[in-house]
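Visitor: Could you take me through one part of this structure up close? I'd like to see how the pieces of a sheet sit together, and then wander out from there.

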Amino acid sequence: MSGTFLGMPGNFPENAREAVQNSQLRYNLRKATHTIRGKRANVVGELPDWQELRAAGKAIKDHTLRHLDRYLVQLEEAVTRAGGTVHWARDAAEANRIVTGLVQATGETEVVKVKSMATQEIELNQALAEHGITAYETDLAELIVQLGDDFPSHILVPAIHRNRSEIREIFLEKMPNVPEGLTDDPPALADAARLHLRERFLRSKVAISGANFMVAETGTLVVLESEGNGRMCLTLPETLISVVGIEKLLPSWRDLEVFLQLLPRSSTGERMNPYTSMWTGAVEGQDFHLVLLDNGRTDVLADKVGRQALRCIRCSACLNVCPVYERAGGHAYGSVYPGPIGAILTPQLRGMSSELDASLPYASSLCGACYDVCPVAIDIPEVLVDLRAKAPHAAAERAGMKVAGWILNDHKRLAKAQRAAIRLRKLVPKRLPGPLSAWTDTRDVPEIPEESFRDWWERNERA
């Protein structure tokens, strides 16, 4: 996997600093995120047992991750019995090689896709293009992003940073056979996209999908979507290739019931998705291939704190309440996974060797709103703090923390340090010098009191 998603430069602070200067972007983000989270709050409030459902979702996911090896083998056996073929991919390069080979074997040079974050994660479209294969996105928001030569900026609504006037301009410039006199009225834009995509569906022989869930018991894959394009993509082509992360597994059909309540309410603010498509193995007249993607997930699973990120069901609720995401947008994260969940998932999947990935655990105010809305109770602030401890730190910072630890580990040394600070408190500047200035660029130096609590306590105890 490349060091940054689609070549995004710099680090999060640099990217965010540029993004917040775009007033149109901030307006688009605020309007969309507040609308979605308002709808979510209404439908979640209808369920008196929402917290019990949330706890059940967490428990099911934790159980599955503890026994992932067993359930993956069970899934493979079930898919194979149903006429499908299972492929295992250790990393992005292997997954791209498998999918490219499967498409080439059909002799086709075009594929249609239903939204899949896993294929964006491994940059499958670029890999296919290098072998002369064109991938056409069929989700409306993904189509807008693709036609606009843009990057996704939201898990649920990849084109959330675009308003309808911008979308109209993209369609007029990039979409072939656009209806004459196209306006920026949403139904008109949707009709134009429908005409464009219908022609793609009718002629494409190969489709590539992801999946929201996989059921180990039956080998069933599940896709939830709102437009119906996914169902067209899954049923019409002669070959269907699904690329799915190994963490998307559920043990049994009964477990699915919990997540079909949690996901729609948390993502689109609906009681149920308009389209829920399920398929088991190969159907008549169609070849089915399932590519199970690791790409760093087993490394995440080995981390006692960070593994909870694998519970994520990609609902995007954490993005819609995050004050940082609302102002910076998704592009600043430099990953297909933006927002709070991306700030903990991306550095674990990719490592923190790049400047961008090392900066992501700091892309948060630690307010905890993301944890409050997560339908599977991922404690994102806990993982962020853990990752900050693991991130690379400057030599001066490491030395400072070592000295602080030495002082704080002994009450006598701490008392002496406090008394010294009190004597020198008038010499402490409002803005710290050198590398310490980054701290005071965003906050004030706390005022040092005239007397420490320790000395106050001893004086009053004697009195």
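Guide: Start with helix H4, residues 68-81, in this predicted model. H4 lies across strands S1 and S10, and its direction makes an angle of about 145° with S1. Strand S10 covers residues 287-293.

Now look at the sheet those two strands belong to. Six strands make up this open sheet, and reading across it you meet S1, S10, S7, S4, S2 and S3, in that order. The pairing is parallel. If that word is new to you, strands of a sheet pair through backbone hydrogen bonds, either parallel or antiparallel. Which strands stand at the edges? They are S1 (85-89) and S3 (134-137), and each has a single partner strand, so one side of each has no neighbour in the sheet. Going from one strand to the next, the twist averages 25°.

Zoom in on the S3 edge. Strand S2, residues 110-113, runs parallel to S3, and 4 bridges join the two. You can pick out a bridge by eye: Lys113 has Glu137 in S3 as its bridge partner.

A little way along the chain, between helix H6 (117-121) and helix H7 (124-129), there's a loop that holds Glu123. Its backbone is worth a look. Most residues other than glycine have a negative phi. Glu123 isn't a glycine, yet its phi is positive, about 55°. Is Glu123 buried or exposed? It's buried: its relative accessible area is 19%, and the cut-off for buried is under 20%.

There's a second sheet to find. This one is also open, with 4 strands in the order S8-S5-S6-S9, but here the pairing is mixed. Strands S8 (249-250) and S9 (275-280) take the edge places with one partner strand each, so each has a side without a neighbour in the sheet. Inside it, strand S5 (residues 213-215) and strand S6 (residues 220-225) run antiparallel, joined by 3 bridges. Look for Val215, which stands opposite Thr220 in S6.

How does this fit with the records? UniProt, in an unreviewed entry, places a feature called "domain: LUD" at residues 74-291. Over that stretch the chain is 43% helix and 21% strand, and the end C-alpha atoms are 15 Å apart. Separately, the domain assignment of the chain gives domain 1 (5-299) and domain 2 (400-462), with their C-alpha centres 51 Å apart.

Next, try helix H16, residues 339-350. With 12 residues at 1.5 Å a residue, H16 should span 16 Å, and its end C-alpha atoms are indeed 16 Å apart, so the two agree. H16 is mostly covered, with 12 of its 12 residues buried; among them are Ile344, Gln348 and Arg350. Right after H16 comes Gly351, which has a positive phi near 85°.

Leu366 also has a positive phi, about 60°, although it's not a glycine. You'll find Leu366 in the loop between helix H17 (355-359) and helix H18 (369-373). With 34% relative accessibility, Leu366 counts as partly exposed.

Last stop: Ser437, in helix H22 (residues 437-440). Ser437 is buried, with a relative accessible area of 14%. Which residues does Ser437 touch, leaving out those up to four places away in sequence? Arg431 and Leu432.

Key: Residues are numbered from 1 along each chain as its sequence is written. This is a predicted model: local features need pLDDT of at least 70, side-chain atom pairs count only at pLDDT 80 or more; totals for chains, interfaces and linings use all residues. Side-chain values use heavy atoms; hydrogens and water are left out. Two strands pair if DSSP finds at least two bridges between them. Axes are lines fitted to C-alpha atoms, for helices over the stretch in contact, and angles run from 0 to 180 degrees between N-to-C directions. Contact means heavy atoms within 4.5 Å. Buried means under 20% relative accessible area, exposed over 50%, partly exposed in between (1.4 Å probe, protein chains only). The expected span of a helix is 1.5 Å times one less than its number of residues. UniProt positions are given in the numbering used here, feature names are shortened, and annotations may be inferred rather than shown by experiment. Domain bounds come from an automatic or database domain assignment.
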